[in-house]
Amino acid sequence: QEQLVESGGGLVQAGDSLRLSCTASRTFRYYVMGWFRQAPGKEREFVASASSSGSFTNYADSVEGRFTVSRDNAKNTIYLHLQMNSLKPEDTGVYLCAAHNKPLLWNNASYFSGGVWGQGTQVTVTS
């Protein structure tokens with residue numbers, strides 16, 4: 001089964017920056033890909049997504065202006081990055097990469113629920 005592999009998490013202080021990456025095979029070339037996060041005791045929430053070409057992006061209000069999602073469709077590997085700036089303690093959580101194969105629905109986060117998910121990478125922001 002094809003996999004999504006996240007990397008780049010860590011422990012940082014408030015105001016710091018962090019860059020997450022999700023690596024996928026070329027199978028996901030025409031998939032919409034995105035980032036979600038889940039904090040302890042809270043439901044999983046949408047963070048950001050990018051269309052299959054990377055030309056269109058979508059953000060949660062809570063991260064708009066601080067986070068930037070970008071996509072690199074290399075020949076054999078797809079990369080989805082999440083640049084996180086001005087981090088806050090409330091950004092703490094497990095960040096998961098996800099993908100779905102409805103390319104025209106790039107701005108509808110609900111379609112990720114039936115897609116492919118990675119295992120996640122932990123981001124902890126201290127005050």
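Okay, one definition before anything else: I'll call two rings of Phe, Tyr or Trp a pair if their centres lie within 6.5 Å, taking the six-membered ring for Trp. With that in hand, here's the aromatic cluster: Phe36, Phe46, Phe112 and Trp117 form one. And please keep in mind that what you see above is a predicted model.

So, let's stay with the rings for a moment. There are five aromatic pairs in the structure. How far apart are the ring centres of phenylalanine 36 and phenylalanine 112? They sit 5.3 Å apart, and the planes are at 75 degrees, so we call that pair edge-to-face. Now look at where the two come from. Phenylalanine 36 is in strand S4, while phenylalanine 112 is in the loop between S9 and strand S10, residues 116-117, so this pair ties together parts that are 76 residues apart in sequence. Are they buried or exposed? Phenylalanine 36 has 7% relative accessibility, so it counts as buried, and phenylalanine 112, at 0%, counts as buried too.

One more thing on tryptophan 117: arginine 44 lies over its face, at 3.8 Å from the ring centre. There's another arginine on a ring elsewhere, by the way. The charged end of arginine 29 sits over the ring of tyrosine 30, 4.8 Å from the centre.

Right, strand S4. I keep coming back to this one. S4 covers residues 32-38, and six of its seven residues are buried, so the strand is largely enclosed by the rest of the structure. What does S4 pair with? Strand S9, residues 93-100, is joined to S4 by seven bridges, and the two run antiparallel. If you want a spot to click on, glutamine 38 has valine 94 in S9 as its bridge partner. Strand S5, residues 45-50, also pairs with S4, again antiparallel, over five bridges. There, phenylalanine 36 is partnered with phenylalanine 46, and those are two names you've already heard from the aromatic cluster. S4 and S5 make a hairpin with six residues between them, and in the turn you'll find glycine 41 with a positive phi of about 75 degrees.

Now the charges. How many salt bridges does the structure hold? Three. Let's walk through them, starting again on S4.

Arginine 37 makes a salt bridge with glutamate 45, with the closest N and O atoms 2.6 Å apart. The arginine is at 5% relative accessibility, so it counts as buried. Glutamate 45 is at 34%, so that one counts as partly exposed.

Arginine 37 also has a salt bridge with aspartate 91, where the closest N and O atoms are 2.9 Å apart. This pair links distant parts of the chain: aspartate 91 is in the loop between strand S8 (77-84) and S9, arginine 37 is in S4, and they are 54 residues apart. Aspartate 91 comes out at 0% relative accessibility, so it counts as buried.

And then arginine 66 meets aspartate 91 in a salt bridge, 2.8 Å from N to O. Arginine 66 is in the loop between strand S6 (57-59) and strand S7 (67-73), and aspartate 91 in the loop between S8 and S9, so this pair ties together parts that are 25 residues apart in sequence. Arginine 66 has a relative accessible area of 11%, so it is buried as well; the cut-off is under 20%. Put it together and you get a network of salt bridges linking Arg37, Glu45, Arg66 and Asp91.

Last stop, the open sheet. Four strands form it, in the order S1-S3-S8-S7, with antiparallel pairing. Which strands stand at the edges? Strand S1 (4-7) and S7 do, each with a single partner strand, so one side of each has no neighbour in the sheet. On average, neighbouring strands here are turned by 15 degrees against each other, direction ignored. Inside that sheet, strand S3, residues 18-25, is joined to S8 by eight bridges, running antiparallel. For a landmark there, find alanine 24, which stands opposite isoleucine 78 in S8.

That's my tour.

Conventions: Residues numbered from 1 in each chain as written. Predicted model: local features only at pLDDT ≥ 70, side-chain atom pairs only at ≥ 80, totals over all residues. Heavy atoms only, no water. Buried < 20%, exposed > 50% of the residue type's maximum accessible area, 1.4 Å probe, protein only. Pairing = 2+ DSSP bridges. Salt bridge = Lys/Arg side-chain N within 4 Å of Asp/Glu carboxyl O. Axes fitted to C-alpha atoms, helices over the stretch in contact; angles between N-to-C directions. Phe/Tyr/Trp six-rings, centres within 6.5 Å; stacked < 30°, edge-to-face > 60°. Lys NZ or Arg CZ within 6 Å of the ring centre and 35° of its normal.
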